[in-house]
Amino acid sequence: EPDAAALAEIALMAAEEEFPRLEKSIALNYDDAKRTYEQAQDEYARFQETMREMSEKLAEYYLKSAEQDFESAQEELDQLVKMYEADELTEETEEIVLRRQKFQVEAAKFFVDYSKINHEYTMTVSIPRREEMLKTAVEAAKIEYERAKMAKSLGLNQQRYELQSLREARARSVANHAK
């Protein structure tokens with residue numbers, strides 16, 4: 001049967017040994033949670049202040065650019081057709097140039113269609129999801145920060161109290177043994 005005093009002595013030694021590490025660990029956890037919370041708040045604010053509007057403007061620009069490219073390609077094709085109808089150039093050259101330009105028109109039309117889908121997705125899905133993710137990150141970081149704050153005050157006090165209790169129990173044990 002192990003000696004109760006020996007077990008108490010070991011428990012005290014372990015608590016004395018562990019306490020400084022616990023103290024440092026709680027402080028690091030607190031600092032990390034505080035930093036994460038502050039960064040999440042900053043990221044969300046930056047999104048609201050600049051990035052959301054910029055993302056919307058960029059989506060609008062890409063769509064407008066695609067539509068203008070399509071219109072230019074179509075105008076160029078129309079002009080080539082008019083020019084070749086009035087001109088005496090060889091048929092083969094006309095066919096090559098017209099085929100290339102028709103492909104440019106098709107490619108530009110495809111890019112307009114793609115840009116419309118992308119624009120709609122950006123405005124209705126991508127941007128709102130990003131906002132929701134950032135907002136949730138702020139809330140989650142706040143919870144972890146508050147938990148770390150509590151652990152820093154209550155957890156450390158509890159460990160300090162338990163260590164003090166072990167010290168007092170040992171002192172009583174030593175005093176009783178001396179008697």
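Colleague: Which residue forms a salt bridge with Arg-52?
Modeller: In this predicted model, the closest N and O atoms of the Arg-52 pair are 2.4 Å apart. Arg-52 lies in helix α1 and its partner in helix α2, so the pair ties together parts that are 79 residues apart in sequence. The partner has a relative accessible area of 21% and so counts as partly exposed. The residue is Glu-131.

Colleague: How far apart in sequence are the parts that Glu-9 and Arg-170 tie together?
Modeller: Glu-9 and Arg-170 form a salt bridge, with 2.7 Å between the closest N and O atoms. Glu-9 belongs to helix α1, residues 4-86, and Arg-170 to helix α2, residues 91-178, so the parts tied together are separated in sequence by 161 residues.

Colleague: Is Glu-9 buried, partly exposed or exposed?
Modeller: Buried would require under 20% relative accessible area and exposed over 50%. Glu-9 has 27% relative accessibility, and its partner Arg-170 has 35%. Glu-9 is therefore partly exposed.

Colleague: Which helix holds both Glu-17 and Arg-21?
Modeller: The side chains of Glu-17 and Arg-21 meet in a salt bridge, at 3.7 Å from N to O. The two residues are four apart, about one turn of the helix. Arg-21 is partly exposed at 47% relative accessibility. Both residues lie in helix α1.

Colleague: How many salt bridges does the count come to?
Modeller: A pair counts when a side-chain nitrogen of Lys or Arg is within 4 Å of a carboxyl oxygen of Asp or Glu. The pair of Glu-17 and Arg-21, at 3.7 Å, is one that meets this cut-off. By this rule the count is 14.

Colleague: Are α1 and α2 roughly parallel or roughly antiparallel?
Modeller: The axes of α1 and α2 come within 6 Å and cross at roughly 170°. Angles over 145 degrees count as roughly antiparallel. The crossing angle therefore makes α1 and α2 roughly antiparallel.

Colleague: How many residues of the contact of α1 with α2 are nonpolar?
Modeller: The residues of this contact divide into three classes. Among them, 14 are polar and 25 are charged. The nonpolar count is 41.

Colleague: What is the area of the nonpolar surface patch that includes Tyr-62?
Modeller: Tyr-62 is in helix α1. With a relative accessible area of 43%, Tyr-62 is partly exposed, and a patch residue needs over 30%. Leu-58 and Tyr-61 make the patch together with Tyr-62. The area is about 330 Å².

Methods:
Residues are numbered from 1 along each chain as its sequence is written. This is a predicted model: local features need pLDDT of at least 70, side-chain atom pairs count only at pLDDT 80 or more; totals for chains, interfaces and linings use all residues. Side-chain values use heavy atoms; hydrogens and water are left out. Buried means under 20% relative accessible area, exposed over 50%, partly exposed in between (1.4 Å probe, protein chains only). Axes are lines fitted to C-alpha atoms, for helices over the stretch in contact, and angles run from 0 to 180 degrees between N-to-C directions. Angles under 35 degrees count as roughly parallel, over 145 as roughly antiparallel, 65 to 115 as roughly perpendicular and the rest as oblique. Ala, Val, Leu, Ile, Met, Phe, Trp, Tyr, Cys and Pro count as nonpolar, Asp, Glu, Lys and Arg as charged, and the others, Gly among them, as polar. Patches are made of residues with over 30% relative accessible area and no salt bridge: like charges are joined within 9 Å, nonpolar side chains (Val, Leu, Ile, Met, Phe, Trp, Tyr) within 5 Å. Accessible areas come from the Shrake-Rupley method with a 1.4 Å probe; for residues, only the protein chains shown count as cover.
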